[in-house]
Amino acid sequence: MKRLLILCAISLCFGCSNDDPADNKPDAGPSCNYTLNWGHRSPGGAFEPFKDGDDAEITLGFQGFRYIRSALELKDVKAPSATYSARIVVDGQTPYSLADTPVKVSEEGGALFADEVLVFFNDIPIAEIVAKNAEITVTAKAAGCVGSTKRTVTLRDDENCVQQEDGGLVCDNPDGGT
């Protein structure tokens, strides 16, 4: 019996390794990051990145959805598609996040652009966010790489529209036309 215990003790010493299996994997190289800019398209179609302190217009959309219609510029990455997520901190409100959302990308001038990037504010009454600052961190993933940017914008609602009980919109025509 003594021999069996000694044999088991010796085999445990030589049969097991304290090496972490992750240490034996080939080096994956440096992390894959790229430059990400969050902004909007100008009326002429040019991309304009948001700067800290810029105004961001809240759109009141179909069925009462409230969002900033924005765009992303992904530099130094090539991919056929991307996903984006956001963390939103509005002054005086509980921070929240938007989950990864797929978005189409297209190449223009050596960079990728994603239009129709919607940053939602659905769970906070509009009166509690207009004219407030919002710190918005946008993260995008493309081709196994990650880009992230953070901007603080002032939320605006300059449209003359009122949401109706049925979810529709009634908008005043500011020039008095029909």
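Two strands count as paired here when DSSP finds at least two bridges between them. The strands themselves (E, at least two residues) and the helices (H or I, at least four residues) are DSSP runs, numbered from the N terminus.

Before you start clicking, note that this is a predicted model, in which local features need pLDDT of at least 70 and side-chain atom pairs count only at pLDDT 80 or more, while totals for chains, interfaces and linings use all residues. Residues are numbered from 1 along each chain as its sequence is written, and side-chain values use heavy atoms, with hydrogens and water left out.

**Stop 1: the whole chain**

Start in cartoon view. The protein has 1 helix and 13 strands, and the helix comes at the start of the pattern, which reads α-β-β-β-β-β-β-β-β-β-β-β-β-β along the sequence. Of its 178 residues, 31% are buried; that word means under 20% relative accessible area, with exposed over 50% and partly exposed in between (1.4 Å probe, protein chains only). Contacts, meaning heavy atoms within 4.5 Å, often span the sequence: among those with a separation of 6 or more, 64% join residues 24 or more positions apart.

**Stop 2: the open sheet**

Now colour β3, β11, β10, β6 and β7, which make up an open sheet of 5 strands in the order β3-β11-β10-β6-β7, with mixed pairing. Look to the edges for β3 (55-57) and β7 (96-104): each has a single partner strand, so one side of each has no neighbour in the sheet. On average, neighbouring strands of this sheet are turned by 40 degrees against each other, direction ignored; the axes behind such angles are lines fitted to C-alpha atoms (for helices over the stretch in contact), and angles run from 0 to 180 degrees between N-to-C directions.

Zoom in on β10 (residues 133-142) and β11 (residues 145-156), which run antiparallel and are joined by 10 bridges. One place to click is Val138, whose bridge partner in β11 is Thr149. Next, move to β6 and β7, an antiparallel pair with 7 bridges, where Ser81 stands opposite Lys104 in β7. The hairpin of these two strands has 5 residues between them, and Gly92 there takes a positive phi near 80 degrees.

**Stop 3: the nonpolar core**

Hide the cartoon and show side chains. A nonpolar core is a set of buried Ala, Val, Leu, Ile, Met, Phe, Trp, Tyr and Cys residues joined through side-chain atoms within 4.5 Å. The largest one has 36 residues, and Trp38, Ile68, Leu72, Leu74, Phe121, Ile136 and Leu155 have the most contacts inside it. Two or more residues come from each of β1 (35-41), β5, β6 (81-90), β7, β9, β10 and β11.

Select Ile68: beyond its neighbours within four places in sequence, its contacts include Trp38, Phe50, Val117, Phe121, Ile136 and Leu155.

**Stop 4: the aromatic rings**

Stay with Ile68 and find Phe120, 52 residues away along the chain, with 6.6 Å between their C-alpha atoms. Rings of Phe, Tyr and Trp (its six-membered ring) pair if their centres lie within 6.5 Å, and planes under 30 degrees apart count as stacked, over 60 as edge-to-face and the rest as tilted. By this rule there are 4 aromatic pairs. In one of them, the rings of Phe65 and Phe120 have centres 6.0 Å apart and planes at 70 degrees, so the pair is edge-to-face. Phe65 sits in the loop between β4 (59-60) and β5 (66-75) and Phe120 in strand β9 (residues 111-120), so the pair ties together parts 55 residues apart in sequence.

Are these two rings buried or exposed? Phe65 is partly exposed, at 37% relative accessible area, and Phe120 is also partly exposed, at 25%. Add Tyr67 to the selection, since ring pairs link Phe65, Tyr67 and Phe120 into a cluster. Then select Arg41, which lies over the face of Phe113 at 4.9 Å from the ring centre (the rule asks for NZ of Lys or CZ of Arg within 6 Å of the centre and within 35 degrees of the ring normal).

**Stop 5: two positive phi values**

Most residues other than glycine have a negative phi. Asp76, in the loop between β5 and β6, has a phi near 65 degrees and is exposed, at 69%. Finish at Glu116 in strand β9: its phi is positive, about 60 degrees, and the residue is partly exposed, at 48%.
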